[in-house]
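Got the viewer open? Load the model, switch to cartoon view, and keep the selection box handy.

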Amino acid sequence: MPAYNIFRRGLLKGTAAATAFAVFNQAAAQTGAAGKGGRSDPAPRELHGQPVPEPPPEKSAGPIRPGRGSSLAGKVAVVTGAARGIGRSIAVEMAANGADVVALDIAGPVSTASNAAPATPEDLAETVRQIMAYGRRGESIRADIRDIAALRAAADHVEQTYGKIDIVVADAAIQRWKPLLEMEDADWRDVIDNNLNGTANTIRAFAPKMVARKSGRIIVLSSMQGKHGTRDAASYSASKWGILGLMKSAALELGQHNITVNALIPGLVDTALTRYDARLSEAIRETGREASSSPTPQQAWDARAPTVALKVGWLQPDDISPAAVFLASDAAAMVTGAEYEVTAGDSAKDI
Ligand SMILES: NC(=O)c1ccc[n+]([C@@H]2O[C@H](COP(=O)([O-])OP(=O)(O)OC[C@H]3O[C@@H](n4cnc5c(N)ncnc54)[C@H](O)[C@@H]3O)[C@@H](O)[C@H]2O)c1
C-alpha cells in the first residue's frame, strides 16, 4: 500500500498517525522533498485531537505529481462532433495526452437550420489519423446525436472494444443566424433538438456505463452565447443556456457515482460554425459599430479585438482543447457542475 494511503488510513482511524506520517515523509524524501512526491501540506489533519475526515482517494485529486492535470494515460474517451473544429481539437489533444479516442460525428448534413457547410467523412477520417499519429487507438463512428438508439449502440461498442469509457465530450452542435421573427419552425426546433436534446441523449446513452464502473468525466460544450442573449441567434443561445441547466442537474445526480459533469465555454472560435458573413457582421455590431452584410474577416477582427481582454478577435480550436484535457484528468476530481471559460477574457465583461 502506498505510504500516502497508510497515512490517510491512520488519520481516518485516528491511530498510528505519527508512524504513518514518518513513513509518508520517508517516501516523499525518496521522490524528492515532501510536497514533491506527496501532499503539499503533510501535517496531520486534526482538531482538538480528533481526526478531520478527508474525501476518499477515488474522490480526490490525490497528492501533487508532475503532469497530473494533463495526463490521460490509459483513459478511453468518446468525443461527439469530432470531425472538425473544437471537437477534433479535443479528440486529438486527448490522444496527445495518452487517451484512446473514439471520434463520433454525423459527418454529413444535419439540418436546413445550420449556417455551416456539413462536415464530411474525410474530415472524420482525418481526426482519426491525427489521433493514431500519437500512437493511440482510435476509430470513427458515424452517428447522429439526435438518435439515442445509435448512441446506445455506440456506447456498447466502445465498452466492448476498449473495456470501459472514462470520458465523454458532448461537442456536436449547429448554429442558426436568423432574426427570431423571421425563423421557420425548423430554425427554432432543429437547433434546440440537435444541440440540447442531442447533448442530453449523449449523457443518457453513455453515463450508464460510467455509473456501472463508479467513475467518469462528462464534458459538455456550452458557449458565451449561453450566458447572455444573442441578437439573431435565439435558438442557439437558448440551446446553449439549456445545456448549462442540463450540466448542473446531471452533476447533482451523477456525483454520487463519482462522475463529474462540467461545461466548457469557449469564446468566439474560428471554425466552420462561425466563419460566415452574418456571424462576422454581428461580431462588428456587438461592438456598437455599423457593419456591412459581408465584412472582411480583418474588419471583424479589428473591430472585436480591442474589446477583448487579450486583444484577439477570436480564438483557435487548439486554444480550447487543453482545458478539456484538464477537466478529464484525475486532477479535476473535485471539479463538477462548473462552467470553465476559455474566452481570451471576453467573459470578463459578463456577469
Ligand atoms: N466556434 C465557436 O465560436 C464556438 C463558441 C462557443 C461554443 N462552441 C461550441 O463548440 C462546439 C463545437 O463547435 P465548432 O465551432 O467546432 O463547430 P463545427 O461546425 O466546426 O463542428 C461541429 C461538429 O458537430 C457535428 N455535428 C453537428 N450535429 C451533429 C449531430 N446531430 N450528430 C453528430 N454530429 C453532429 C458536425 O458534423 C461537426 O463536425 C459546439 O457545441 C459549439 O456550439 C463553438
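Helices (H or I, at least four residues) and strands (E, at least two) are DSSP runs here, numbered from the N terminus. By that count, the protein chain has 10 helices and 9 strands. This is a predicted model, with local features needing pLDDT of at least 70 and side-chain atom pairs counting only at pLDDT 80 or more, while totals for chains, interfaces and linings use all residues. Residues are numbered from 1 along each chain as its sequence is written, and side-chain values use heavy atoms, leaving out hydrogens and water.

**Whole chain.** Colour by burial to start. Buried residues (under 20% relative accessible area, 1.4 Å probe, protein chains only) make up 49% of the 351 residues. Now turn on contacts, meaning heavy atoms within 4.5 Å: of those with a separation of 6 or more, 72% join residues 24 or more positions apart.

**Stop one: 185-213 and 234-254.** Select helices α6 and α7. Their axes (lines fitted to C-alpha atoms over the stretch in contact, with angles from 0 to 180 degrees between N-to-C directions) lie 8 Å apart at an angle of about 20°. That makes α6 roughly parallel to α7, the label for angles under 35 degrees. The crossing is right-handed, which is to say the near helix is turned clockwise from the far one by less than a right angle. Show side chains for the contact: α6 brings residues including Trp188, Leu196 and Ile203, and α7 brings residues including Tyr236, Ile243 and Leu246. By class, this contact has 15 nonpolar, 5 polar and 2 charged residues; Ala, Val, Leu, Ile, Met, Phe, Trp, Tyr, Cys and Pro count as nonpolar, Asp, Glu, Lys and Arg as charged, and the others, Gly among them, as polar.

**Stop two: 85-96 and 317-328.** Next, pick α3 and α10. Their axes come within 8 Å and cross at roughly 50°. That makes α3 oblique to α10, the oblique ranges being 35 to 65 and 115 to 145 degrees. α3 also passes α10 in a right-handed crossing. Among the residues that meet are Ile86, Ile90 and Met94 in α3, and Ile320, Pro322 and Val325 in α10. This contact divides into 9 nonpolar, 3 polar and 2 charged residues.

**Last stop: 297-304.** Which residues of α9 are buried? Select Ala300, Ala303 and Arg304. Looking down the α9 axis, you'll find these buried residues within an arc of 90° (taken from the directions from the axis to the C-beta atoms), so they line one face of the helix. Add 277-285 to the view: that is α8, which the buried residues of α9 pack against.

Key
Buried < 20%, exposed > 50% of the residue type's maximum accessible area, 1.4 Å probe, protein only.
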